[in-house]
Amino acid sequence: MPDTPKPGLPELGRADAALMREALRRGWRDMWRAPGYALIFAGVYVLGGWLMTWITMATGQSYWLIFAAIGFPLIAPFAAVGFYDISRRITQGRPLEAAGIFGVVFRQSKRQLPSICAIIIVVFLFWFFLAHMIFALFLGLSTMTNVSSSFDVYFTPNGMMMLVVGTLVGAAFASLLYMITVLALPLLLDREIDFVTAMITSFQFVLSQPVLMFGWAAFIAVATFVAMLPGFLGLLVVLPVLGHATWHLYDMLAYGPARGADEIVANGA
């Protein structure tokens with residue numbers, strides 16, 4: 001059956017700029033092939049962004065919105081699983097059945113995906129813990145300024161240093177998480193392997209082509225950040241495209257760029 005995971009690791013090819021452009025092109029195509037699913041899966045994250053903003057404002061802890069915004073992309077891989085399944089079905093010429101697509105998370109709950117998802121959650125929570133420590137270290141003694149109602153404190157030397165250190169630490173967390181998940185998540189969906197092997201494989205692949213793969217990471221980070229600026233609404237487009245593209249990047253590395261190319265031509269993409 002097409003849904004049955006294959007055993008063992010695939011032999012991954014080498015990535016290049018042309019392969020990544022093709023992955024984005026296929027990601028764009030898949031988003032328009034299944035726009036309803038794109039709105040549903042990405043919409044969860046838009047609502048999550050709104051809820052996150054409301055909580056930080058309603059509790060008078062608006063300064064946490066900065067750390068939340070930096071950490072928000074860390075949990076974006078959760079949305080990817082649905083996009084991966086859609087792209088896999090399109091590549092294999094299978095119908096986009098709602099029951100199968102929405103059930104992919106339930107089916108994966110019996111395999112290795114929950115383990116790597118737990119790691120993502122732990123990293124996200126640990127980032128918030130460190131963000132609190134960074135805030136306390138640089139601004140904990142700023143008693144004369146109400147950081148919940150005024151952002152002027154961020155333009156002080158301590159405030160600027162806090163933003164720099166917080167951004168660097170957040171970038172380090174995001175880089176580590178990217179390295180262990182960029183190929184691990186599609187691997188776990190496609191192959192019957194343990195999550196540790198998947199993370200190691202992903203980490204080693206990024207190290208084997210650091211310039212190209214970190215360039216891909218930078219593109220994802222910038223696109224996600226820009227998408228969050230208009231009230232998170234840009235995520236409705238950016239998350240589906242990046243989610244589908246990431247699957248196609250893995251798929252072309254594992255099975256060659258020819259797979260799925262005929263389908264693109266047939267649909268005039």
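A salt bridge here is a side-chain nitrogen of Lys or Arg lying within 4 Å of a carboxyl oxygen of Asp or Glu. By this rule the count in the structure shown above, which is a predicted model, comes to six salt bridges. Side chains of opposite charge can pair when their charged atoms come close.

## The chain as a whole

The protein chain contains 13 helices and two strands. It has 269 residues, of which 47% count as buried. Among the contacts in the protein chain with a separation of 6 or more, 78% are made by residues 24 or more positions apart. The protein chain exposes about 12,800 Å², and carbon and sulfur atoms supply 74% of that area.

## Salt bridges

Three of the salt bridges are set out in the table, with the distance between nitrogen and oxygen given for each pair.

| Salt bridge | N to O distance |
|---|---|
| Glu22 and Arg26 | 2.8 Å |
| Arg88 and Asp85 | 2.9 Å |
| Asp190 and Arg191 | 3.5 Å |

Glu22 and Arg26 both belong to helix H1, which covers residues 17–33, and they stand four residues apart, about one turn of the helix. Glu22 has a relative accessible area of 18%, and because buried means under 20%, this residue is classed as buried. Arg26 is likewise buried, with a relative accessible area of 1%.

A comparable arrangement is found in helix H4 (residues 77–92), where Arg88 and Asp85 are three residues apart, again about one turn of the helix. Arg88 is buried, and Asp85 is buried as well.

The pair of Asp190 and Arg191 can be followed further through its arginine. Arg191 is found in strand E2, which comprises residues 191–192. In addition to the salt bridge with Asp190, in which the closest N and O atoms are 3.5 Å apart, the side chain of Arg191 makes a polar contact with the side chain of Tyr255 at 3.4 Å. Arg191 is buried, with a relative accessible area of 9%, and Asp190 is buried too, with a relative accessible area of 3%. Elsewhere, salt bridges that share partners join Glu22, Arg25 and Arg26 into one network.

## Aromatic pairs

A pair of aromatic rings is described by the distance of the centres and the angle of the planes. Rings of Phe, Tyr and Trp are taken to pair if their centres lie within 6.5 Å, and by this rule the count comes to eight aromatic pairs.

One of these pairs is formed by Phe126 and Phe173, whose ring centres are 5.7 Å apart and whose planes meet at 55°; planes under 30 degrees apart count as stacked and those over 60 as edge-to-face, so this pair is tilted. The pair links distant parts of the chain, with Phe126 in helix H7 (residues 113–139) and Phe173 in helix H8 (residues 157–181), 47 residues apart. The two rings belong to residues of unlike exposure: Phe126 is partly exposed, with a relative accessible area of 40%, whereas Phe173, at 14% relative accessibility, counts as buried.

Tyr178 and Phe214 make another tilted pair, with ring centres 6.3 Å apart and planes at 45°. Tyr178 lies in helix H8 and Phe214 in helix H11 (residues 210–228), so this pair ties together parts of the chain that are 36 residues apart in sequence. Here Tyr178 counts as buried, at 11% relative accessibility, while Phe214 counts as partly exposed, at 31%. In addition to these pairs, Tyr84, Trp247 and Tyr250 form one aromatic cluster.

## A nonpolar surface patch

On the surface, Val222, Phe225, Val226 and Leu229 make a nonpolar patch of about 410 Å². Val222, one of the residues in this patch, lies in helix H11, the helix that also holds Phe214. At 52% relative accessibility Val222 counts as exposed, because the class of exposed residues takes in those over 50%.

Conventions. Residues numbered from 1 in each chain as written. Predicted model: local features only at pLDDT ≥ 70, side-chain atom pairs only at ≥ 80, totals over all residues. Heavy atoms only, no water. Buried < 20%, exposed > 50% of the residue type's maximum accessible area, 1.4 Å probe, protein only. Polar contact = N/O pair within 3.5 Å; in protein donor to acceptor, adjacent residues only side chain to side chain. Contact = heavy atoms within 4.5 Å. Areas by Shrake-Rupley, 256 points an atom, 1.4 Å probe, with all protein chains shown as cover. Phe/Tyr/Trp six-rings, centres within 6.5 Å; stacked < 30°, edge-to-face > 60°. Patch = residues over 30% accessible without salt bridge, like charges linked within 9 Å, V, L, I, M, F, W, Y side chains within 5 Å.
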